[in-house]
Amino acid sequence: MSKKHYLSNEDISVLCSELATVVSSGITITDGILVMLQDDDDKKKAALLEQILHSIEQGSTITDAFRKSCAFPSYFLKMVEVGETTGRLDAVFESLSVYYSNLDEISGSVRSAVTYPAVLLVVVLAVIILLSVYVLPIFADVFSSLGLVLPDGARWLVEAGGMISSIAVIVIGAAAFLIIAGVILYKAVRPVRSLIQHIASHTKTAKTLYAARFSAAMSMTLSSGMDINESLDMCETLLENDYMREKLAECRKAMEDGAPFVQALADTGIFSAVNMRMISIAFNTGTLDKAMDSIAQNAQKKVSAVIQTAVSRFEPTMVVIMAAAVGFILISVMIPLMSIMTVIG
């Protein structure tokens with residue numbers, strides 16, 4: 001099996017936007033790709049489009065053509081499959097463009113919020129270690145030559161520096177080992193990966209994201225003419241998470257036992273009471289596809305807002321940590337200096 005090299009979220013968003021434009025114009029996707037190749041100067045992107053076009057011309061489905069390129073994540077492929085099955089590729093590509101654009105924006109916010117403070121924190125910690133291990137012992141020697149003893153605070157810092165110097169290599173090595181082992185276990189050992197994903201899937205934010213994906217899929221399938229059961233079948237293939245599959249199974253079981261769709265869906269707890277009222281009204285008025293689309297958009301915005309809030313809280317936390325570290329540095333240097341100046345004076 002070939003190693004997968006996924007495109008970036010930004011690249012997928014731009015590509016989906018272009019594909020949505022050409023498909024919605026009424027031309028076939030093969031003709032649309034040919035048009036895109038004429039106007040695209042990006043050699044890597046052109047090579048990818050040519051590979052996809054070649055696969056389609058050789059008889060592959062659109063979904064299989066994208067899958068064979070090994071450049072797209074699972075969610076993208078399953079959504080394209082939904083669009084191809086329902087005949088709504090234009091809506092799917094437009095939805096995916098917005099989805100991956102939001103992911104790219106969130107990723108950029110996280111990187112900008114984390115990278116600078118993290119680098120600065122590493123530098124500050126390095127300076128602290130340098131002072132404790134190398135600089136403060138010099139002050140200790142000066143005090144000793146003067147027949148004096150370091151103040152308690154400075155002596156504590158020197159002793160801490162000695163401890164740091166003796167265990168620094170062990171701590172760094174252990175941390176590096178744990179990180180590397182964790183990455184290897186997550187990627188190579190399925191039970192470990194499943195356990196982590198299971199824990200993550202039960203967080204409030206993850207459940208909101210799953211509800212958004214489910215709503216988007218239901219909207220597309222229902223608007224294409226599928227009935228409730230067919231839509232649930234398609235959603236079950238789209239949603240890979242065990243949590244959502246369990247919820248869909250509960251919904252199906254309740255419907256088989258005679259419960260109405262709205263009641264069966266409400267009993268799963270996938271949606272809030274407010275969203276369920278919206279779904280109930282839409283189901284009775286025949287506009288369930290539009291209601292699901294609205295719920296999907298609102299849920300996606302909510303997930304983005306939660307992540308942005310978490311990022312905004314991280315920055316001041318890092319500032320406080322760095323301020324404390326800077327204060328530690330100043331105290332560790334000033335106490336011995338002031339003591340020496342007092343003795344000399």
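This section describes the fold, the salt bridges, the surface patches and selected buried residues of a predicted model.

The protein is helical throughout its assigned elements, with 14 helices and 0 strands. From the N terminus on, the order of elements is α-α-α-α-α-α-α-α-α-α-α-α-α-α. The chain has 345 residues, and 37% of them count as buried. Contacts were also sorted by sequence separation. Among contacts with a separation of 6 or more, 60% join residues 24 or more positions apart. The exposed surface of the protein comes to about 19,400 Å². Carbon and sulfur atoms supply 63% of that surface.

Charge pairing was examined next. Side chains of opposite charge can pair when their charged atoms come close. The structure holds 4 salt bridges. Three of the pairs are described here, including the one between lysine 45 and glutamate 18. In this pair the closest N and O atoms are 2.6 Å apart. Lysine 45 belongs to helix 3 (residues 43-57), whereas glutamate 18 belongs to helix 1. The two residues are 27 residues apart, and their pairing links distant parts of the chain. Their accessibility was also assessed. Lysine 45 has 18% relative accessibility and therefore counts as buried, the limit being under 20%. Glutamate 18 has a relative accessible area of 29% and is partly exposed.

A further salt bridge joins arginine 252 to aspartate 233. Here the closest N and O atoms are 2.0 Å apart. Arginine 252 lies in helix 11 (residues 242-256) and aspartate 233 in helix 10 (residues 228-238), so this bridge ties together parts that are 19 residues apart in sequence. Aspartate 233 is partly exposed, at a relative accessible area of 40%.

The pair formed by arginine 67 and aspartate 64 sits within one helix. Both residues lie in helix 4 (residues 62-68). They are 3 residues apart, about one turn of the helix. Their closest N and O atoms are separated by 2.7 Å. Arginine 67 shows 34% relative accessibility and counts as partly exposed. Aspartate 64, with a relative accessible area of 31%, is partly exposed as well.

The surface carries both charged and nonpolar patches. Glu10, Asp11, Asp39, Asp41 and Asp42 form a negative patch. One of these residues, aspartate 11, is found in helix 1 (residues 9-24). Aspartate 11 has 40% relative accessibility and counts as partly exposed. A nonpolar patch is made up of Val119, Leu120, Val123 and Val127. Together these four residues have about 280 Å² of accessible area. Valine 119 is part of helix 6 (residues 89-145).

Two residues of helix 9 were then considered. Threonine 208 lies in helix 9 (residues 204-223), and serine 219 has its place in helix 9 too. Threonine 208 has a relative accessible area of 16%, and is therefore buried. Leaving aside neighbours within four places in sequence, threonine 208 is in contact with Ala299, Lys302 and Val303. Serine 219 is at 8% relative accessibility and counts as buried. Not counting residues up to four places away in sequence, serine 219 touches Arg88, Asp289, Met292 and Asp293. Alanine 296 is 77 residues from serine 219 along the chain. The C-alpha atoms of serine 219 and alanine 296 are nevertheless separated by 8.6 Å.

Threonine 268 is found in helix 12 (residues 261-268). Its relative accessibility is 3%, so threonine 268 counts as buried. Its contacts, with neighbours within four places in sequence set aside, are Lys247, Glu250 and Cys251. Cysteine 251 is 17 residues from threonine 268 along the chain. The C-alpha atoms of these two residues are 6.4 Å apart.

Note on methods: Residues are numbered from 1 along each chain as its sequence is written. This is a predicted model: local features need pLDDT of at least 70, side-chain atom pairs count only at pLDDT 80 or more; totals for chains, interfaces and linings use all residues. Side-chain values use heavy atoms; hydrogens and water are left out. Patches are made of residues with over 30% relative accessible area and no salt bridge: like charges are joined within 9 Å, nonpolar side chains (Val, Leu, Ile, Met, Phe, Trp, Tyr) within 5 Å. Accessible areas come from the Shrake-Rupley method with a 1.4 Å probe; for residues, only the protein chains shown count as cover. A salt bridge is a side-chain nitrogen of Lys or Arg within 4 Å of a carboxyl oxygen of Asp or Glu. Lys and Arg count as positive and Asp and Glu as negative; His and the chain ends are not counted. The place of a charge is taken as NZ of Lys, CZ of Arg, CG of Asp or CD of Glu. Helices (H or I, at least four residues) and strands (E, at least two) are DSSP runs, numbered from the N terminus. Buried means under 20% relative accessible area, exposed over 50%, partly exposed in between (1.4 Å probe, protein chains only). Contact means heavy atoms within 4.5 Å.
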